[in-house]
Amino acid sequence: MPTITDEVRRAPRRDAAANRQALLTAAAAALGENPDAPLEAIAAAAGLTRRALYGHFAGRDELVAALIASGATRLNLVATETDHHDAPTALAMLGARLWHAIGHVRLLAAMAVREPHVEQVAGALAPVRERLDAIVARGIADGGFRPDMPPATLSRLIERSAIAVLLEASVAPLTDAEGHRLVMASVLGTAGLSWREAGALIASAPELTMEASA
């Protein structure tokens, strides 16, 4: 009788892990473009059957939940590693770096405004919001941001302006350079900078170049 080695025993697990990751990758792309993409299309894009998909996820909600968790982990890491002593520069850096995580950001942007995932996305992205809140509070305190509304309100408006750019990218494809600049201009404009001030900052700060942000 042939000997069953540890390597042979592990092979199915490796295949299962690869299939699960293929499904998550395919789902991130499909749902980022169309939040209502059918499960059959997602499975086909991963090179698998619908039955195989159900072997990994009980249904659409469980698949989306796994994607939200995976994407949030990546974005939260970006947020915790992003800061600058100048609040407008820090805000633009945060927007640009999240843009360059576009595969997950676009999905989360789409899900952030749709039930039943709004609360899950909000909870998963708590570290991103905490960093944004801190930057906004500092910007208002030092005069770099508009002071005519509560910091929490301004943070929410800035977040939604960034989401609007990401959603726009799903209907009117933007190049990386266009999206990179547009998301920074949008969040800075919402924070209270004029379009000229935002443009001058984007053009002059080395931390805001495509290379630095990516």
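**Helix α5 and its two partners, with a look at Ser 155**

In this predicted model, helix α5 (residues 87-99) and helix α8 (residues 126-141) have axes that come within 8 Å and cross at roughly 155°. Angles over 145 degrees count as roughly antiparallel, and α5 and α8 are therefore roughly antiparallel to each other. Their crossing is left-handed. On the α5 side, the contact is made by Ala 87, Ala 90, Leu 91, Leu 94 and Leu 98, while α8 contributes Val 128, Arg 131, Leu 132, Ile 135, Arg 138 and Gly 139. Sorted by class, this contact of α5 with α8 holds 8 nonpolar, 1 polar and 2 charged residues.

Helix α5 also meets helix α10 (residues 176-191): the two axes come within 9 Å and cross at roughly 140°. The crossing of α5 and α10 is right-handed. Here Pro 88, Leu 91, Ala 92, Gly 95, Ala 96 and Trp 99 of α5 face a set of α10 residues, namely Asp 176, Gly 179, His 180, Val 183, Met 184, Val 187, Leu 188 and Ala 191. The contact of α5 with α10 comprises 10 nonpolar, 3 polar and 1 charged residues. Leu 91 is worth finding on the structure, as this residue takes part in the contact with α8 and in the one with α10.

A closer view can now be taken of a single residue. Ser 155 lies in helix α9 (residues 151-171). Since buried means under 20% relative accessible area, Ser 155, at 3% relative accessibility, counts as buried. Leaving aside neighbours within four places in sequence, Ser 155 is in contact with Leu 132, Asp 133 and Val 136. With Asp 133 there is a polar contact between the two side chains, at 3.0 Å.

Conventions. Residues are numbered from 1 along each chain as its sequence is written. This is a predicted model: local features need pLDDT of at least 70, side-chain atom pairs count only at pLDDT 80 or more; totals for chains, interfaces and linings use all residues. Side-chain values use heavy atoms; hydrogens and water are left out. Axes are lines fitted to C-alpha atoms, for helices over the stretch in contact, and angles run from 0 to 180 degrees between N-to-C directions. Helices (H or I, at least four residues) and strands (E, at least two) are DSSP runs, numbered from the N terminus. Angles under 35 degrees count as roughly parallel, over 145 as roughly antiparallel, 65 to 115 as roughly perpendicular and the rest as oblique. A crossing is left-handed if the near helix is turned anticlockwise from the far one by less than a right angle, and right-handed if clockwise. Contact means heavy atoms within 4.5 Å. Ala, Val, Leu, Ile, Met, Phe, Trp, Tyr, Cys and Pro count as nonpolar, Asp, Glu, Lys and Arg as charged, and the others, Gly among them, as polar. Buried means under 20% relative accessible area, exposed over 50%, partly exposed in between (1.4 Å probe, protein chains only). A polar contact is a pair of N or O atoms within 3.5 Å; within protein, one must be able to donate a hydrogen and the other to accept it, and residues adjacent in sequence count only if both atoms are side-chain atoms.
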